[in-house]
Amino acid sequence: MRKTLLKTSLAVACSAMAATSIAESFVTIGTGGQTGVYYVVGQSVCRLVNRDTATTGIKCNNPSTGGSVDNLNAIAAGERQMGTVQSDSEFRAYRGLGEFEGKKIEKLRTMFSIYPEAFTVVARADTGVKTFDDLKGKRVNIGNPGSGTRTTMEALMKEKGWTTADFAVAAELKPAEMASALCDNNLDVIAYTVGNPSGAIKEAAASCASTLVTVSGPEVDKLLADNSYFAKVTIPGGTYDGSPNDTDTLGVMALLVTSSDVPDEAVYQVTKAVFDNFERFQKLHPAFENSTPEKMVTEGISAPLAEGSKKYFMEKGWIK
């Protein structure tokens with residue numbers, strides 16, 4: 001009887017220890033809207049991490065969130081361990097600039113960059129909008145608060161000397177809500193800083209007559225010259241219905257970031273899961289196809305590398 005009780009007690013204790021271990025190794029990656037590429041990034045990374053949970057003890061999940069700024073604030077508060085963010089948002093967060101003035105995130109660390117994101121502006125074909133200057137006086141979705149789209153839009157508006165009063169409507173819709181608002185004629189223009197092709201933009205292009213909008217000109221050139229985290233981007237013709245020609249715009253890099261408070265081993269294992277299965281990762285979304293380890297270790301990074309990621313990259317000989 002005593003042996004049976006002992007075995008039962010040990011089993012309960014082991015189960016409790018196992019549950020504690022999994023809880024202590026639980027990683028949450030903040031993403032973005034469910035129709036965006038950030039959400040696919042989180043899904044993809046977690047899929048690779050969770051394939052090896054039995055060995056590493058790390059279990060990963062990827063909730064839909066408000067995007068870059070939301071993820072950075074949640075990481076700073078310890079509510080999420082990792083998140084996908086735009087390179088310009090990381091730049092400001094680490095230095096306490098812009099929307100992060102007075103709340104500098106000194107513990108912010110970069111794991112790796114992933115792919116370029118184009119500031120993708122789409123207009124209903126019947127509006128006559130062809131360039132970014134044409135947005136003035138139109139019904140425009142400027143992006144939901146906390147999103148990278150919103151910060152890019154606000155940076156452009158600042159260069160133009162515009163405020164939300166320059167638009168007939170300045171909507172704050174999330175990506176999943178944009179296509180229906182455009183095609184129901186509740187908006188003239190939607191904008192989304194995203195890796196292409198994007199599900200949300202494809203939905204809009206397929207649901208109603210629409211076209212991509214060129215984002216260029218002196219103010220854009222100045223924004224590019226003054227901010228190293230921005231780059232010129234061309235969306236290839238044919239990426240979306242209604243836009244057969246190349247469209248010039250600007251963009252940033254999508255990054256996976258974390259905090260120095262997150263254990264180095266957890267960061268190492270997540271990094272390892274992606275790069276040890278890199279070909280599998282590339283196939284999970286077209287936006288990842290042109291990513292290379294060499295680019296992902298250097299491009300768009302403006303906060304220090306996380307120690308766990310640095311350890312893996314040094315093992316591979318990608319950095320010294």
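Biologist: What is the relative accessible area of Asn 185?
Modeller: This is a predicted model, in which local features need pLDDT of at least 70 and side-chain atom pairs count only at pLDDT 80 or more, while totals for chains, interfaces and linings use all residues. Residues are numbered from 1 along each chain as its sequence is written, and side-chain values use heavy atoms, with hydrogens and water left out. Asn 185 lies in the loop between α7 (175-183) and β7; helices (H or I, at least four residues) and strands (E, at least two) are DSSP runs numbered from the N terminus. With buried set at under 20% relative accessible area, exposed at over 50% and partly exposed in between (1.4 Å probe, protein chains only), Asn 185 is partly exposed, at 38%.

Biologist: What is the phi of Asn 185?
Modeller: Most residues other than glycine have a negative phi. Asn 185 is not a glycine, yet its phi is positive, at about 65 degrees.

Biologist: Which residue is joined to Asn 196 by a cis peptide bond?
Modeller: Most peptide bonds are trans. The bond in question has an omega of about 5 degrees and involves a proline in the loop between β7 (189-194) and α8 (199-207). The partner of Asn 196 in this cis bond is Pro 197.

Biologist: From which helix does the largest share of the largest nonpolar core come?
Modeller: A nonpolar core is a set of buried Ala, Val, Leu, Ile, Met, Phe, Trp, Tyr and Cys residues joined through side-chain atoms within 4.5 Å. The largest one has 58 residues, and those with the most contacts inside it are Phe 112, Tyr 115, Phe 281 and Phe 288. Its largest share, eight residues, comes from residues 37-50, helix α2.

Biologist: How many residues are in the other core?
Modeller: This core lies apart from the largest one. Among its residues are Val 220, Leu 223, Tyr 229 and Phe 230. The number of residues in it is 26.

Biologist: How are α2 and α10 oriented to each other?
Modeller: Axes are lines fitted to C-alpha atoms, for helices over the stretch in contact, with angles from 0 to 180 degrees between N-to-C directions. The axes of α2 and α10 (residues 264-275) come within 9 Å and cross at roughly 100 degrees. Angles under 35 degrees count as roughly parallel, over 145 as roughly antiparallel, 65 to 115 as roughly perpendicular and the rest as oblique. The two helices, α2 and α10, are therefore roughly perpendicular.

Biologist: Which residues of α10 meet α2?
Modeller: Contact means heavy atoms within 4.5 Å. From α2, the participants are Val 45, Leu 48 and Val 49. In α10 they meet Val 270, Ala 273 and Val 274.

Biologist: How many residues of helix α5 are buried?
Modeller: Helix α5 (residues 87-95) is mostly covered. Its cover includes α4 (68-76), β3 (82-86), β4 (108-124), α6 (148-160) and β10 (247-259). The buried residues include Asp 88, Glu 90 and Arg 92. Of the nine residues in α5, the number buried is seven.

Biologist: How far apart in space, C-alpha to C-alpha, are Val 27 and Asn 61?
Modeller: Val 27 is in strand β1 (residues 26-30) and counts as buried, at 2% relative accessibility. Beyond its neighbours within four places in sequence, Val 27 has contacts that include Ile 58, Asn 61 and Ala 266. Although Val 27 and Asn 61 are 34 residues apart in sequence, their separation in space is 6.5 Å.
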